[in-house]
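User: Can you walk me through the side-chain contacts here? I'd like to take them topic by topic.

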Amino acid sequence: MTDDPSDTELAALRAGDPRAFLALVERYQERLYNFAARMCRHREDAKDVLQDTLLSAARALKDFRGEGKLSTWLFRIAANACRKMRRRGAFEPERELSLEEFMPGTGPEGQLEIVDWQDAPDAALERARLREELEAAIAGLPLLYREVLLLRDVEGLSTEATAEALGLTEAAVKTRLHRARLFVRQRLARDWKA
Amino acid sequence: MAEDCRDLFARLSEYVDGELPGPLCEEIRAHLGGCPACERFCETLRRTVDLCRQLPPIPLPAEVRRELRALLRRFVDG
């Protein structure tokens with residue numbers, strides 16, 4: 001979200017201008033939904049998160065101080081809504097990922113290749129298959145790691161903005177991101193080898 | 001995995017993202033130049049990140065968009 005509102009638009013938002021707010025919704029709803037859909041994995045939950053996020057934003061906009069980007073602030077609200085959704089939902093055990101489990105041994109792991117979309121002989125078919133495997137790998141990530149990978153690598157937020165959105169230190173973002181990427185890499189490598 | 005490979009393993013994402021200080025970045029680059037296994041690993045990690053960045057968005061369904069708009073309109077209209 002690089003197209004943050006101008007100062008004039010921000011002033012209108014803080015003043016509670018309905019047109020400015022509906023324009024804000026138009027601007028951000030797709031990316032917020034995209035994030036929520038991959039965080040929650042269920043479309044119905046993603047819809048609820050999107051609605052909660054934008055309603056909360058509408059209520060809190062007058063207090064938005066403008067110190068960070070508005071998009072980061074919105075992702076922060078969305079991430080909190082996703083975390084609450086998880087607590088309400090079916091118990092999904094959270095687990096820590098350790099570096100050790102991704103370290104290649106001296107065996108074939110170090111040689112595994114990830115087929116790139118561009119390398120595929122039947123581009124359209126292989127692209128669809130790879131996309132499906134990538135989505136499954138991301139969905140398989142524990143939530144603590146999924147939220148970091150989605151914000152950094154899928155939504156394109158900086159380390160600093162991701163830390164701000166998730167209430168983490170930048171060091172924690174880097175640690176979790178690395179493990180998340182290693183997890184996804186390992187899944188893709190394994191799937192393509194099979 | 002050799003000891004010096006283990007040391008850089010923990011920093012590879014920062015290397016790929018260009019977030020490491022110059023000297024450490026150079027050290028890793030030098031190691032990768034002389035260690036085909038680590039170079040291969042780093043390349044596949046880089047590809048993983050590229051794939052995530054190219055992942056197409058999940059489209060916002062039309063009915064979700066409509067429902068949201070109606071909900072927010074009711075809210076802003078008080």
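User: How many salt bridges are there over all chains?
Analyst: A search of the whole structure finds 20 over all chains. Keep in mind that this is a predicted model.

User: Which side chain does B:Glu67 meet in a salt bridge?
Analyst: B:Glu67 meets A:Lys47, with N to O at 3.0 Å. The pair crosses between chains. B:Glu67 sits in helix H5 of chain B, residues 62-76. A:Lys47 sits in helix H3 of chain A, residues 43-60.

User: And A:Lys47, buried or exposed?
Analyst: A:Lys47 counts as buried, at 11% relative accessibility. Its partner B:Glu67 is partly exposed, with a relative accessible area of 36%.

User: What about B:Glu14, which lysine does its side chain meet?
Analyst: The side chain of B:Glu14 meets A:Lys174 in a salt bridge, 3.8 Å from N to O. This pair also crosses between chains, from helix H2 of chain B (residues 12-16) to helix H8 of chain A (residues 170-193). B:Glu14 is buried, at 13% relative accessible area. A:Lys174 counts as partly exposed, at 23%.

User: How far apart are the closest N and O atoms of A:Lys174 and B:Glu19?
Analyst: They are 4.0 Å apart, and the two residues form a salt bridge. Here too the pair crosses between chains. A:Lys174 is in helix H8 of chain A, while B:Glu19 is in the loop between H2 and helix H3 (22-34) of chain B. B:Glu19 counts as partly exposed, at 27% relative accessibility.

User: Which residues are linked with A:Lys174 in a network of salt bridges?
Analyst: From chain A, the network links A:Arg152, A:Asp153 and A:Arg181 with A:Lys174. From chain B, the network takes in B:Arg11, B:Glu14, B:Asp17, B:Glu19 and B:Arg53.

User: Switching to rings. How many aromatic pairs does the structure hold?
Analyst: The structure holds 4 aromatic pairs over all chains. One of them is A:Phe35 with A:Phe75, an edge-to-face pair. Their centres are 5.4 Å apart and the planes are at 85 degrees.

User: Where do A:Phe35 and A:Phe75 lie?
Analyst: A:Phe35 lies in helix H2 of chain A (residues 18-40) and A:Phe75 in helix H4 of chain A (residues 70-88), so the pair ties together parts that are 40 residues apart in sequence. A:Phe35 counts as buried, at 0% relative accessibility. A:Phe75 counts as buried, also at 0%.

User: Why is the pair of A:Phe102 and A:Phe183 edge-to-face?
Analyst: Because the planes of A:Phe102 and A:Phe183 are at 80 degrees, with the ring centres 6.5 Å apart; planes over 60 degrees apart count as edge-to-face. A:Phe102 lies in the loop between H4 and helix H5 (123-139) of chain A, and A:Phe183 lies in helix H8 of chain A, so parts 81 residues apart in sequence are tied together.

User: Are those two rings' residues buried or exposed?
Analyst: A:Phe102 counts as buried, at 2% relative accessibility. A:Phe183 counts as buried, at 3%.

User: Which ring does the charged end of A:Arg185 sit over?
Analyst: The charged end of A:Arg185 sits over the ring of B:Phe41, 3.9 Å from the ring centre.

User: On to the interface. How many residues of each chain are in contact?
Analyst: There are 39 residues of chain B in contact with 53 residues of chain A. The area buried between the two chains is about 4400 Å². Carbon and sulfur atoms give 65% of that area.

User: Which three residues of chain B supply more of the buried area than any other three?
Analyst: Those are B:Leu51, B:Leu55 and B:Ile58. Together they supply 16% of the area that chain B buries against chain A.

User: And the polar side, what are the counts?
Analyst: Across the interface of chain B and chain A there are 8 salt bridges. There are 14 residue pairs in polar contact between chain B and chain A, both residues at pLDDT 80 or more.

User: Which helices of chain B supply at least two residues of the side that touches chain A?
Analyst: Helix H1 (3-9), H2, helix H4 (36-53) and H5 of chain B each do so. The largest share, 11 residues, comes from H4(B).

Terms used:
Residues numbered from 1 in each chain as written. Chains lettered and ligands numbered in written order. Predicted model: local features only at pLDDT ≥ 70, side-chain atom pairs only at ≥ 80, totals over all residues. Heavy atoms only, no water. Helix = DSSP H or I, 4+ residues; strand = E, 2+ residues; numbered from the N terminus. Buried < 20%, exposed > 50% of the residue type's maximum accessible area, 1.4 Å probe, protein only. Phe/Tyr/Trp six-rings, centres within 6.5 Å; stacked < 30°, edge-to-face > 60°. Lys NZ or Arg CZ within 6 Å of the ring centre and 35° of its normal. Contact = heavy atoms within 4.5 Å. Buried area = accessible area lost by both parts, 1.4 Å probe. Polar contact = N/O pair within 3.5 Å; in protein donor to acceptor, adjacent residues only side chain to side chain.
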